[in-house]
Amino acid sequence: MSHVAVIGAGGVGTVLAAAMSDAGHEVTICARSTTPPLNLLSHGETRRLDLPVVRDPDRAGRVDWVLLCTKAHDTAGAVSWLSRLCGPETVVVVCQNGIGRAHQVKAVLRRGTVLPALVYIAAERAEAGLVVHRRGRRVVVPAEPAGRAFADLAAPVLDVDVEPDFGTAAWRKLLTNLAANPITALTGRRMDVFGDAEVHRLATAVLGEAVAVGRAEGARLGDPDVSETLDFYAAFSPDDGTSMLYDRLAGRGLEHEEFSGVVTALGRRHGIPTPANQALYALLGALTKNEGSTP
(Lines give C-alpha, C1' and ligand atoms only; values in the text may rest on other atoms or scores of the structure.)
Protein backbone atom coordinates (compact mmCIF):
# COMPACT_ATOMS: atom_id res chain seq x y z
CA MET A 1 0.00 0.00 0.00
CA SER A 2 1.23 3.50 -0.88
CA HIS A 3 0.24 6.89 0.49
CA VAL A 4 -1.28 9.00 -2.28
CA ALA A 5 -2.11 12.70 -2.02
CA VAL A 6 -4.52 14.25 -4.51
CA ILE A 7 -4.17 18.02 -4.95
CA GLY A 8 -7.49 19.43 -6.10
CA ALA A 9 -10.95 18.01 -5.45
CA GLY A 10 -12.62 18.91 -8.72
CA GLY A 11 -14.10 16.36 -11.09
CA VAL A 12 -10.93 14.54 -12.12
CA GLY A 13 -9.30 14.81 -8.69
CA THR A 14 -12.31 13.29 -6.93
CA VAL A 15 -12.60 10.40 -9.40
CA LEU A 16 -8.88 9.64 -9.12
CA ALA A 17 -8.97 9.85 -5.32
CA ALA A 18 -11.79 7.30 -5.28
CA ALA A 19 -9.88 5.06 -7.69
CA MET A 20 -6.70 5.13 -5.63
CA SER A 21 -8.69 4.28 -2.52
CA ASP A 22 -10.42 1.42 -4.34
CA ALA A 23 -6.99 0.14 -5.37
CA GLY A 24 -6.16 -0.23 -1.68
CA HIS A 25 -4.00 2.83 -1.07
CA GLU A 26 -4.07 5.41 1.69
CA VAL A 27 -5.46 8.58 0.12
CA THR A 28 -5.40 12.17 1.34
CA ILE A 29 -7.19 14.96 -0.51
CA CYS A 30 -5.46 18.35 -0.43
CA ALA A 31 -7.82 21.23 -1.21
CA ARG A 32 -8.20 24.56 0.56
CA SER A 33 -11.85 25.11 -0.33
CA THR A 34 -13.20 21.58 0.04
CA THR A 35 -15.21 20.54 3.08
CA PRO A 36 -16.03 16.85 3.59
CA PRO A 37 -17.99 14.75 3.01
CA LEU A 38 -17.29 14.23 -0.68
CA ASN A 39 -19.80 12.31 -2.75
CA LEU A 40 -19.26 10.67 -6.12
CA LEU A 41 -22.12 9.81 -8.50
CA SER A 42 -20.98 7.12 -10.93
CA HIS A 43 -22.94 4.53 -12.92
CA GLY A 44 -26.17 5.75 -11.36
CA GLU A 45 -25.04 5.25 -7.77
CA THR A 46 -23.88 7.85 -5.25
CA ARG A 47 -21.17 6.90 -2.78
CA ARG A 48 -19.68 8.85 0.07
CA LEU A 49 -15.90 9.08 0.03
CA ASP A 50 -14.68 8.77 3.59
CA LEU A 51 -11.25 10.18 2.81
CA PRO A 52 -9.32 12.70 4.90
CA VAL A 53 -9.26 16.24 3.54
CA VAL A 54 -6.37 18.55 4.43
CA ARG A 55 -7.08 22.25 3.85
CA ASP A 56 -3.82 23.73 5.12
CA PRO A 57 -0.51 22.87 3.40
CA ASP A 58 1.30 23.22 6.72
CA ARG A 59 -0.65 20.20 7.98
CA ALA A 60 0.42 18.00 5.07
CA GLY A 61 3.21 15.43 5.36
CA ARG A 62 5.41 13.45 2.99
CA VAL A 63 3.70 10.93 0.70
CA ASP A 64 4.78 8.38 -1.89
CA TRP A 65 2.70 9.73 -4.76
CA VAL A 66 1.07 13.07 -5.57
CA LEU A 67 -1.66 13.42 -8.19
CA LEU A 68 -1.69 17.07 -9.27
CA CYS A 69 -5.26 17.65 -10.42
CA THR A 70 -5.60 21.42 -10.30
CA LYS A 71 -6.21 23.39 -13.46
CA ALA A 72 -2.99 24.30 -15.24
CA HIS A 73 -3.39 28.00 -14.44
CA ASP A 74 -3.72 27.13 -10.73
CA THR A 75 -0.33 25.39 -10.53
CA ALA A 76 1.27 28.29 -8.68
CA GLY A 77 -1.25 27.81 -5.89
CA ALA A 78 -0.17 24.18 -5.55
CA VAL A 79 3.50 24.96 -4.88
CA SER A 80 3.03 25.13 -1.11
CA TRP A 81 1.36 21.71 -1.18
CA LEU A 82 4.15 20.22 -3.28
CA SER A 83 6.84 21.56 -0.97
CA ARG A 84 5.26 19.77 2.03
CA LEU A 85 4.16 16.57 0.31
CA CYS A 86 7.24 15.74 -1.74
CA GLY A 87 10.37 13.99 -0.62
CA PRO A 88 13.24 12.75 -2.82
CA GLU A 89 11.35 9.56 -3.72
CA THR A 90 7.93 11.12 -4.27
CA VAL A 91 6.45 10.90 -7.78
CA VAL A 92 4.23 13.79 -8.88
CA VAL A 93 1.75 12.70 -11.54
CA VAL A 94 0.73 15.80 -13.50
CA CYS A 95 -2.94 15.22 -14.38
CA GLN A 96 -3.41 18.55 -16.15
CA ASN A 97 -4.43 19.58 -19.64
CA GLY A 98 -1.95 21.06 -22.06
CA ILE A 99 1.33 20.45 -23.82
CA GLY A 100 4.55 20.45 -21.79
CA ARG A 101 2.92 20.63 -18.38
CA ALA A 102 5.55 18.35 -16.82
CA HIS A 103 8.34 20.80 -17.65
CA GLN A 104 6.44 23.65 -16.00
CA VAL A 105 5.84 21.62 -12.85
CA LYS A 106 9.50 20.57 -12.74
CA ALA A 107 10.42 24.24 -12.63
CA VAL A 108 8.64 24.69 -9.28
CA LEU A 109 9.37 21.28 -7.73
CA ARG A 110 12.21 21.13 -5.21
CA ARG A 111 12.15 17.37 -4.60
CA GLY A 112 10.79 14.30 -6.31
CA THR A 113 10.11 13.02 -9.82
CA VAL A 114 7.58 14.43 -12.29
CA LEU A 115 5.44 12.10 -14.39
CA PRO A 116 3.14 13.59 -17.06
CA ALA A 117 -0.23 11.93 -17.53
CA LEU A 118 -3.07 12.24 -20.02
CA VAL A 119 -6.39 11.72 -18.27
CA TYR A 120 -9.45 10.58 -20.21
CA ILE A 121 -12.05 11.06 -17.50
CA ALA A 122 -15.21 13.11 -17.97
CA ALA A 123 -16.44 14.34 -14.60
CA GLU A 124 -18.36 17.38 -13.39
CA ARG A 125 -18.39 19.04 -10.00
CA ALA A 126 -22.16 19.43 -10.01
CA GLU A 127 -22.41 21.16 -6.62
CA ALA A 128 -20.42 21.55 -3.43
CA GLY A 129 -19.41 18.11 -2.26
CA LEU A 130 -20.81 16.24 -5.28
CA VAL A 131 -18.95 15.09 -8.40
CA VAL A 132 -20.69 13.34 -11.28
CA HIS A 133 -18.46 10.85 -13.12
CA ARG A 134 -19.87 10.69 -16.62
CA ARG A 135 -17.43 8.41 -18.39
CA GLY A 136 -13.85 7.16 -18.75
CA ARG A 137 -11.10 5.76 -16.54
CA ARG A 138 -8.19 5.78 -18.99
CA VAL A 139 -4.83 7.37 -18.15
CA VAL A 140 -1.84 7.48 -20.51
CA VAL A 141 1.71 7.80 -19.15
CA PRO A 142 5.13 7.68 -20.84
CA ALA A 143 7.03 4.41 -21.11
CA GLU A 144 9.54 5.07 -18.34
CA PRO A 145 10.09 3.54 -14.91
CA ALA A 146 7.79 5.98 -13.12
CA GLY A 147 5.08 5.37 -15.72
CA ARG A 148 5.24 1.62 -15.31
CA ALA A 149 5.19 2.03 -11.53
CA PHE A 150 2.04 4.16 -11.80
CA ALA A 151 0.39 1.51 -13.95
CA ASP A 152 1.05 -1.00 -11.17
CA LEU A 153 -0.18 1.45 -8.54
CA ALA A 154 -3.50 2.06 -10.29
CA ALA A 155 -4.25 -1.52 -11.33
CA PRO A 156 -6.90 -2.79 -11.71
CA VAL A 157 -9.08 0.27 -11.05
CA LEU A 158 -7.80 2.52 -13.84
CA ASP A 159 -6.94 1.65 -17.43
CA VAL A 160 -3.34 2.85 -17.65
CA ASP A 161 -1.60 2.82 -21.03
CA VAL A 162 2.20 3.04 -21.00
CA GLU A 163 2.95 4.92 -24.23
CA PRO A 164 6.38 4.94 -25.97
CA ASP A 165 5.46 7.93 -28.18
CA PHE A 166 4.08 10.12 -25.44
CA GLY A 167 4.64 13.34 -27.40
CA THR A 168 2.21 12.26 -30.12
CA ALA A 169 -0.22 10.97 -27.51
CA ALA A 170 -0.15 14.37 -25.78
CA TRP A 171 -1.08 16.13 -29.02
CA ARG A 172 -3.92 13.68 -29.61
CA LYS A 173 -5.22 14.43 -26.12
CA LEU A 174 -5.00 18.14 -26.91
CA LEU A 175 -7.14 17.55 -29.99
CA THR A 176 -9.89 16.03 -27.84
CA ASN A 177 -10.05 19.29 -25.88
CA LEU A 178 -9.21 21.80 -28.56
CA ALA A 179 -12.54 22.28 -30.31
CA ALA A 180 -14.98 20.85 -27.77
CA ASN A 181 -13.96 22.95 -24.78
CA PRO A 182 -13.83 26.44 -26.35
CA ILE A 183 -16.94 25.96 -28.50
CA THR A 184 -19.11 24.70 -25.64
CA ALA A 185 -17.82 27.40 -23.30
CA LEU A 186 -18.47 30.19 -25.81
CA THR A 187 -21.91 28.96 -26.86
CA GLY A 188 -23.04 27.79 -23.44
CA ARG A 189 -24.20 24.54 -25.03
CA ARG A 190 -23.23 20.92 -24.44
CA MET A 191 -21.99 18.37 -26.97
CA ASP A 192 -25.21 18.64 -28.97
CA VAL A 193 -23.72 21.81 -30.46
CA PHE A 194 -21.55 19.71 -32.78
CA GLY A 195 -24.69 18.59 -34.58
CA ASP A 196 -24.86 22.07 -36.11
CA ALA A 197 -23.28 21.98 -39.56
CA GLU A 198 -21.40 25.28 -39.27
CA VAL A 199 -20.06 24.35 -35.84
CA HIS A 200 -18.89 21.03 -37.25
CA ARG A 201 -17.04 22.90 -40.01
CA LEU A 202 -15.45 25.21 -37.45
CA ALA A 203 -14.32 22.25 -35.36
CA THR A 204 -12.82 20.62 -38.45
CA ALA A 205 -10.80 23.77 -39.17
CA VAL A 206 -9.64 24.09 -35.56
CA LEU A 207 -8.43 20.49 -35.51
CA GLY A 208 -6.80 20.68 -38.95
CA GLU A 209 -4.72 23.67 -37.89
CA ALA A 210 -3.61 21.88 -34.74
CA VAL A 211 -2.57 18.78 -36.67
CA ALA A 212 -0.32 20.95 -38.86
CA VAL A 213 1.21 22.65 -35.81
CA GLY A 214 1.63 19.36 -33.96
CA ARG A 215 3.47 17.84 -36.92
CA ALA A 216 5.80 20.83 -36.99
CA GLU A 217 6.46 20.12 -33.30
CA GLY A 218 7.41 16.53 -34.10
CA ALA A 219 4.13 14.72 -33.35
CA ARG A 220 3.16 11.90 -35.69
CA LEU A 221 -0.22 13.30 -36.67
CA GLY A 222 -2.14 13.21 -39.94
CA ASP A 223 -5.50 13.95 -41.52
CA PRO A 224 -7.12 10.86 -39.92
CA ASP A 225 -6.59 12.47 -36.51
CA VAL A 226 -9.14 15.14 -37.44
CA SER A 227 -11.88 12.67 -38.38
CA GLU A 228 -11.06 10.41 -35.43
CA THR A 229 -11.36 13.33 -33.02
CA LEU A 230 -14.72 14.34 -34.51
CA ASP A 231 -15.85 10.72 -34.10
CA PHE A 232 -14.68 10.93 -30.47
CA TYR A 233 -16.94 13.97 -30.00
CA ALA A 234 -19.86 12.21 -31.67
CA ALA A 235 -19.62 9.32 -29.20
CA PHE A 236 -20.59 11.61 -26.31
CA SER A 237 -24.16 12.04 -25.20
CA PRO A 238 -25.69 15.31 -26.46
CA ASP A 239 -26.20 16.24 -22.80
CA ASP A 240 -22.51 15.81 -21.88
CA GLY A 241 -20.52 18.95 -21.25
CA THR A 242 -16.84 19.85 -21.09
CA SER A 243 -14.56 21.03 -18.31
CA MET A 244 -14.34 24.52 -19.80
CA LEU A 245 -18.13 24.79 -20.01
CA TYR A 246 -18.43 23.69 -16.38
CA ASP A 247 -15.79 26.22 -15.36
CA ARG A 248 -17.54 29.05 -17.15
CA LEU A 249 -20.90 28.17 -15.61
CA ALA A 250 -19.27 28.12 -12.17
CA GLY A 251 -17.42 31.40 -12.72
CA ARG A 252 -13.99 29.77 -12.60
CA GLY A 253 -10.96 30.59 -14.74
CA LEU A 254 -10.73 29.04 -18.21
CA GLU A 255 -7.90 27.01 -19.74
CA HIS A 256 -7.85 28.90 -23.03
CA GLU A 257 -4.10 29.49 -22.79
CA GLU A 258 -3.50 25.72 -22.65
CA PHE A 259 -5.79 24.98 -25.61
CA SER A 260 -6.29 27.64 -28.30
CA GLY A 261 -3.47 29.78 -26.92
CA VAL A 262 -0.74 27.17 -27.27
CA VAL A 263 -1.76 26.27 -30.83
CA THR A 264 -1.84 29.95 -31.78
CA ALA A 265 1.58 30.63 -30.24
CA LEU A 266 3.25 27.57 -31.75
CA GLY A 267 1.64 28.27 -35.11
CA ARG A 268 3.24 31.70 -35.13
CA ARG A 269 6.59 30.18 -34.19
CA HIS A 270 6.45 27.79 -37.13
CA GLY A 271 4.84 30.21 -39.58
CA ILE A 272 1.65 28.13 -39.76
CA PRO A 273 -1.62 30.10 -39.99
CA THR A 274 -4.15 29.22 -37.27
CA PRO A 275 -7.06 31.64 -37.85
CA ALA A 276 -9.75 29.39 -36.35
CA ASN A 277 -7.79 28.74 -33.16
CA GLN A 278 -6.76 32.38 -32.96
CA ALA A 279 -10.41 33.46 -33.16
CA LEU A 280 -11.41 31.11 -30.33
CA TYR A 281 -8.42 32.27 -28.28
CA ALA A 282 -9.29 35.94 -28.75
CA LEU A 283 -12.95 35.41 -27.88
CA LEU A 284 -12.17 33.36 -24.77
CA GLY A 285 -9.66 35.97 -23.64
CA ALA A 286 -12.25 38.70 -24.05
CA LEU A 287 -14.82 36.57 -22.25
CA THR A 288 -12.63 36.00 -19.19
CA LYS A 289 -11.86 39.72 -18.93
CA ASN A 290 -15.54 40.61 -19.24
CA GLU A 291 -16.61 38.08 -16.60
CA GLY A 292 -13.76 38.86 -14.24
CA SER A 293 -12.22 35.40 -14.45
CA THR A 294 -8.53 34.74 -14.12
CA PRO A 295 -7.01 34.76 -17.63
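A residue counts as buried when its relative accessible area is under 20%, as exposed when it is over 50%, and as partly exposed in between (1.4 Å probe, protein chains only). The model shown is predicted: local features need pLDDT of at least 70, side-chain atom pairs count only at pLDDT 80 or more, and totals for chains, interfaces and linings use all residues. Residues are numbered from 1 along each chain as its sequence is written, and side-chain values use heavy atoms, with hydrogens and water left out.

**View A. Surroundings of Thr 75 in helix α2.** Thr 75 belongs to helix α2 (residues 75-85); helices (H or I, at least four residues) and strands (E, at least two) are DSSP runs, numbered from the N terminus. With a relative accessible area of 8%, Thr 75 is buried. When its neighbours within four places in sequence are left aside, Thr 75 is in contact (heavy atoms within 4.5 Å) with Thr 70, Gln 96, Arg 101 and Val 105. Asp 192 lies 117 residues from Thr 75 in sequence, and their C-alpha atoms are 32 Å apart in space.

**View B. Helix α1 and the glycine that follows.** Helix α1 comprises residues 11-22, and its end C-alpha atoms are 17 Å apart, in agreement with the 16 Å expected for 12 residues at 1.5 Å a residue. The expected span is 1.5 Å times one less than the number of residues. Nine of the 12 residues of α1 are buried, so this helix is largely enclosed by the rest of the structure. Among them are Gly 11, Gly 13, Val 15 and Met 20. Just after α1, Gly 24 takes a positive phi of about 95 degrees.

**View C. Helix α5 along its length.** The 13 residues of α5 should span 18 Å, and the end C-alpha atoms are indeed 18 Å apart. Helix α5 is mostly covered, with 11 of its 13 residues buried. These include Phe 166, Trp 171, Lys 173 and Asn 177.

**View D. The crossing of helices α5 and α7.** The axes of α5 (residues 166-178) and α7 (residues 197-216) come within 10 Å and cross at roughly 160 degrees. Axes are lines fitted to C-alpha atoms, for helices over the stretch in contact, and angles run from 0 to 180 degrees between N-to-C directions. The two helices are therefore roughly antiparallel, a term for angles over 145 degrees (under 35 is roughly parallel, 65 to 115 roughly perpendicular, the rest oblique). On the α5 side, the contact is made by Trp 171, Leu 175 and Leu 178, while α7 contributes residues including Val 206, Leu 207 and Gly 214.
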